[in-house]
Amino acid sequence: MSLDGDSGFTQRTRQVFCAHCHTVTTTAAAIDSELRCGGCRATLTVYHHFSRRHHAYLGYRADSEDLT
Ligand SMILES: [Zn+2]
């Protein structure tokens, strides 16, 4: 229950480009975790692909590609 382990990079922020409304949201969310898009308010999953075009990681709605 210590905060020591992997606390070195947990405060780093990144920018996430919303694939749906094209808004860039600054977040402290980690890759593969979720954040709330500042534009369309959708819950996005942070994808590991970094877009040099947008200088941001890509974010997709968690339920957009749900294969049911
Ligand atoms: Zn959005």
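In this predicted model, residues 24 or more positions apart account for 27% of the protein's contacts with a separation of 6 or more. The chain has 68 residues, and 16% of them count as buried. As for secondary structure, there are five strands and zero helices, so to speak a plain run of β-β-β-β-β when read along the sequence.

Those five strands come together in an open sheet, and the pairing in this sheet is mixed. Their order across the sheet is β2-β1-β5-β4-β3. Each of β2 and β3 has just a single partner strand, which puts the two of them at the edges, so one side of each is left without a neighbour in the sheet. Direction ignored, neighbouring strands are turned by 45° against each other on average.

It helps to look at β5 and its two neighbours in turn. On one side is β1: strand β1 covers residues 14–18, strand β5 covers residues 56–61, and the two pair in the parallel sense over three bridges. Here C18 stands opposite G59 of β5. On the other side is β4, made of residues 43–51, which runs antiparallel to β5 and is joined to β5 by five bridges. Two of the residue pairs here are easy to pick out in the structure: L44 has R61 of β5 as its bridge partner, while T45 has Y60 of β5. The strands β4 and β5 also make up a hairpin, with four residues between them. Within that turn sits H55, whose phi is positive, at about 55°.

Positive phi values turn up in two loops as well. D32 has a phi of about 75°, even though D32 is not a glycine. This residue lies in the loop that links β2 (24–27) to β3 (34–36). Is D32 buried or exposed? D32 is exposed, because 9 other C-beta atoms lie within 10 Å, and a residue with 12 or fewer counts as exposed. One loop further along, between β3 and β4, is the place of R41. R41 is not a glycine either, yet R41 has a positive phi of about 65°. With 10 C-beta neighbours inside 10 Å, R41 also counts as exposed.

What about the inside of the protein? Which residues make up the largest nonpolar core? There are eight of them: V16, F17, C18, L35, C37, L44, V46 and Y57. Two elements, β1 and β4, give two or more residues to this core. The largest share is three residues, and that share comes from β1.

L35, one of the core residues, is a handy place to see how parts of the chain meet. Leaving aside residues up to four places away in sequence, L35 touches V16, T25, T27, A29, L44 and V46. Among these contacts, V16, L44 and V46 are core members too. C18 is another residue worth a second look, as C18 belongs to the core and also stands opposite G59 in β5. Likewise, L44 is part of the core and has R61 as its bridge partner in β5.

Terms used: Residues are numbered from 1 along each chain as its sequence is written. This is a predicted model: local features need pLDDT of at least 70, side-chain atom pairs count only at pLDDT 80 or more; totals for chains, interfaces and linings use all residues. Two strands pair if DSSP finds at least two bridges between them. A residue is buried if 20 or more other C-beta atoms lie within 10 Å of its own, exposed if 12 or fewer, and partly exposed in between; C-beta atoms are placed from the backbone. A nonpolar core is a set of buried Ala, Val, Leu, Ile, Met, Phe, Trp, Tyr and Cys residues joined through C-beta atoms within 7 Å. Two residues are in contact if their C-beta atoms, placed from the backbone, lie within 7 Å. Axes are lines fitted to C-alpha atoms, for helices over the stretch in contact, and angles run from 0 to 180 degrees between N-to-C directions.
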